[in-house]
Amino acid sequence: HHLTRVLADALADPDKPVTVNAVSPGPFPSKMMKHTIDAVGAEAIGDSTALGRIGRTEDMAGVILLLASRAGSFMTGAQITVDGGCIIQPQLSFGQAHRSRM
């Protein structure tokens, strides 16, 4: 977070605008998550998110398209969390559905 803000400030120039933002992904199928998904299961991980699933390619693509388009041209120094609501959960509890889902 700090590095994103420092770089955003250092590269902010009205004549040559460069925006610096960071994307923080939650559980997505990836090489880094492969072992956990294999061990616990994507469904169990998804059940522990507020939205009830792990991320999809299009979830991340939407954020990247926003940042790469004119729609994101006034955003700099931002930290964008794409995690299906993991950030609002006190902790992941694999295998147990979120308590608000009934």
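Thr 4 lies in helix α1, which spans residues 2-11. The model is predicted. Thr 4 has a relative accessibility of 10% and therefore counts as buried, since the limit for a buried residue is under 20%. Leaving aside residues up to four places away in sequence, Thr 4 touches Val 20, Asn 21 and Ala 22. Gly 77, Ala 78 and Gln 79 are also among the residues that Thr 4 touches.

Asp 9 belongs to helix α1 as well. Its relative accessibility is 59%, so Asp 9 counts as exposed; the exposed class begins over 50%. In sequence, 68 residues separate Asp 9 from Gly 77. In space, the C-alpha atoms of Asp 9 and Gly 77 are 7.5 Å apart.

The largest nonpolar core has six residues. Its members are Phe 28, Met 60, Val 63, Leu 67, Ile 80 and Val 82. Helix α4 (57-68) and strand β2 (79-82) each supply at least two of these residues. The most comes from α4, which gives three residues to the core.

Phe 28 is one of the core residues. Residues up to four places away in sequence are again not counted for its contacts. Phe 28 touches Met 60 and Val 82, both members of the core. Phe 28 also touches Met 33, Ile 37, Gly 55, Arg 56 and Asp 59.

Confidence was examined along the protein. The average pLDDT is 89, and 87% of the residues score at least 70. Over residues 97-102 the pLDDT is below 50. Beyond near neighbours in sequence, the stretch 97-102 has ten contacts in the model.

Note on methods:
Residues numbered from 1 in each chain as written. Predicted model: local features only at pLDDT ≥ 70, side-chain atom pairs only at ≥ 80, totals over all residues. Heavy atoms only, no water. pLDDT = per-residue confidence, 0-100. Contact = heavy atoms within 4.5 Å. Core = buried A, V, L, I, M, F, W, Y, C linked by side-chain atoms within 4.5 Å. Buried < 20%, exposed > 50% of the residue type's maximum accessible area, 1.4 Å probe, protein only. Helix = DSSP H or I, 4+ residues; strand = E, 2+ residues; numbered from the N terminus.
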